[in-house]
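Hi everyone, thanks for coming. I'll walk you through a structure that's probably new to you, so let's put it up on the screen.

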Amino acid sequence: MAGKVVLHYFNGRGKMESIRWLLTVAEVDFEEVHLTTHDQYQKLLSDGHLMFQQVPMVEIDGMKLIQTKAILQYIAEKYNLHGKDIKDRVMINMYTEGLMDLMEMMMMLPFTADPKPKLDNIQAKATERYLPVFEKVLSGQIYLVGGKLSVADVLLLECTLMLEEKFVGILGGFPNVKAFQGRMMRIPAIDRFLKPGSKRKPQPDDQYVKTVMEVFDIKSLPCVHKHKIRERFKTYQKCLKRKHAAVSWYPMMSCGKMLMTHFSIGRNQPIEIIRRPIPPSAFSRVLQRYITTQTSHSLSTTPGFLHSRPQFHRFNLQNTSVMAGKVVLHYVNGRGRMESIRWLLTVAEVDFDEMHLTTRDQFKKLLSDGHLMFQQIPMVEIDGMKLIQTKAILQYIAEKYNLHGKDIKDRVMINMYTEGLMDLMEMIMLLPFTADPKPKLDNIQAKATERYLPVFEKVLSGQIYLVGGKLSVADVLLLECTLMLEEKFVGILGGFPNVKAFQGRMMRIPAIDRFLKPGSKRKPQPDDQYVKTVMEVFDLKSLPF
């Protein structure tokens with residue numbers, strides 16, 4: 001099948017469906033190899049076809065690509081569906097990141113024992129956070145960005161159709177979005193894709209779930225029983241008696257994820273699935289009431305928990321800052337998802353200011369002023385825009401400052417590496433919100449040494465940089481990641497001499513050398529004060545007991 005695009009995935013939607021949609025719109029024919037057994041997956045691994053051991057995987061142009069977003073960007077760029085310039089592209093990337101967040105919530109439904117609470121949460125998020133953004137953007141224009149069809153339009157159509165499968169009439173209050181959907185569905189390639197017999201997949205069913213479990217050798221869905229949750233909360237109550245316990249302990253992983261998802265963290269972490277609904281009780285009602293007071297987009301991928309219905313705030317990307325012309329970062333005074341942005345700006349030798357969020361009122365003002373599309377931070381003011389979505393921001397900076405490769409093939413490799421590195425760093429970012437970090441540390445160390453570092457050790461054999469013989473955002477994130485790993489695991493690079501040598505070379509770059517010295521804008525490891533500030537900004541004073 002040389003020369004033919006080939007998709008390797010289950011015979012179902014999942015993360016491959018957006019790729020099918022985009023290839024269809026680009027009028028690219030493709031074939032599929034459906035994974036149905038664990039042996040097929042193991043063979044892909046043993047043959048070295050799955051960087052970071054992940055699917056979906058797409059064979060295209062002599063490459064085997066992973067990481068859904070990297071694949072989508074490659075196809076979009078190749079087939080002229082990714083905007084005309086750098087500002088178009090960052091808008092497209094922000095929209096696609098938000099849409100994929102929403103669609104991922106729906107992707108988790110087949111793995112949820114009691115979908116009703118999840119459906120209520122998705123409906124609320126869609127109507128209060130996401131659809132109002134697109135309704136406003138589509139007022140008086142045909143497409144989302146630049147008057148031209150893009151990958152963002154394709155994903156918005158896919159997303160609206162998924163929503164209508166679950167919530168009949170959900171677009172009734174969004175006439176611009178509904179009209180957009182109708183126009184998109186009249187595009188000939190899309191019209192064919194929506195008809196029976198096409199390569200579009202049906203809604204997931206029991207067979208799909210069974211196949212996923214078979215391929216990944218999951219014998220049963222893991223359960224979280226109520227008595228285990230009670231034990232964790234008893235631990236928390238004991239911790240409350242200690243000094244600073246309210247800010248230094250968070251007994252449930254999901255609560256830590258809830259905090260961190262304000263920074264768009266958590267989608268790729270291992271999740272616990274409540275297989276059986278927890279019977280109604282005073283305890284479960286209190287637990288659910290607590291969780292429903294929070295605003296979290298990616299916690300919604302953790303089945304069994306509920307969420308709030310946050311009020312939609314208008315958004316405005318135009319820069320009204322008094323520091324116009326200067327790059328300004330809006331975040332808490334800590335690492336989180338902003339630290340990679342600080343690293344990249346430093347390497348690009350771009351000076352920046354920071355506005356540190358320390359109170360709930362500051363965050364609410366950003367919302368009420370319309371500065372946070374999808375109600376998320378980090379937010380970066382740059383070139384007259386207010387940008388969200390960390391990966392979109394990083395790509396904008398990388399492209400602007402020539403740190404994103406020389407051609408399309410360089411860029412897709414850079415994107416795959418950065419996606420993987422951010423997955424690994426997100427695991428480390430969650431640690432401050434974990435009551436018992438030891439199991440998490442063990443998991444991170446195993447993943448780093450068995451899944452991630454071997455990839456980079458091999459790539460760096462005989463070359464200075466990861467891609468194209470030139471410094472890129474992927475190199476910057478690899479350095480950041482290795483330093484984070486060494487903070488937790490002394491000597492972890494001992495078995496990876498190429499990575500260690502790379503780290504040494506990178507640290508001798510003058511801008512990086514200055515950034516690593518005391519007094520720079522690099523943030524220290526998260527501490528109790530960092531956790532306390534996060535809780536203050538997002539109004540998480542303590543668990544309600």
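Before I point at anything, one bit of vocabulary: I'll say two strands pair if DSSP finds at least two bridges between them. And keep in mind that what you see is a predicted model.

Okay, with that in hand, take strands S3, residues 57–60, and S4, residues 63–65. They're joined by 3 bridges and run antiparallel. One of the partnerships here is Glu 59 with Lys 64 in S4. How many residues sit between S3 and S4 in their hairpin? There are 2. Look at Asp 61 in that turn, too, because its phi comes out positive, at about 55°.

Now go to the other partner of S3. Strand S1, residues 5–9, also pairs with S3, again in the antiparallel sense and over 3 bridges. If you want a spot to zoom in on, find Leu 7, which stands opposite Val 58 in S3.

Let's zoom out a bit. The protein chain has 22 helices and 8 strands. It has 545 residues, and 56% of them are buried. As for contacts, take those between residues at least 6 apart in sequence: 75% of them join residues at least 24 apart. On the outside, the chain exposes about 22,100 Å², with carbon and sulfur atoms supplying 53% of that area.

I picked one helix to show you, H19, which covers residues 473–488. Is H19 mostly covered or mostly open? Mostly covered: 13 of its 16 residues are buried. From its first C-alpha to its last, H19 reaches 23 Å, close to the 22 Å expected at 1.5 Å a residue.

Last stop, the empty spaces. Searching the whole structure turns up 5 cavities of 30 Å³ or more. The largest cavity holds about 130 Å³ of space. It's lined by 15 residues, and the ones closest to its centre are Lys 69, Gln 73, Asn 93, Thr 96 and Glu 97. Which elements give two or more residues to that lining? Those are helices H3 (68–78), H4 (86–107), H6 (151–166) and H16 (390–400). H4 gives the most, with 5 residues.

That's my tour, so over to you for questions.

Key. Residues numbered from 1 in each chain as written. Predicted model: local features only at pLDDT ≥ 70, side-chain atom pairs only at ≥ 80, totals over all residues. Heavy atoms only, no water. Helix = DSSP H or I, 4+ residues; strand = E, 2+ residues; numbered from the N terminus. Expected span 1.5 Å × (residues − 1). Buried < 20%, exposed > 50% of the residue type's maximum accessible area, 1.4 Å probe, protein only. Contact = heavy atoms within 4.5 Å. Areas by Shrake-Rupley, 256 points an atom, 1.4 Å probe, with all protein chains shown as cover. 1 Å grid on protein atoms, 1.4 Å probe; cavity = no way out; pocket = protein on both sides within 12 Å on 5 of 7 lines; lining within 4 Å. Points joined across faces, edges and corners; volume = space filled by probe spheres on them.
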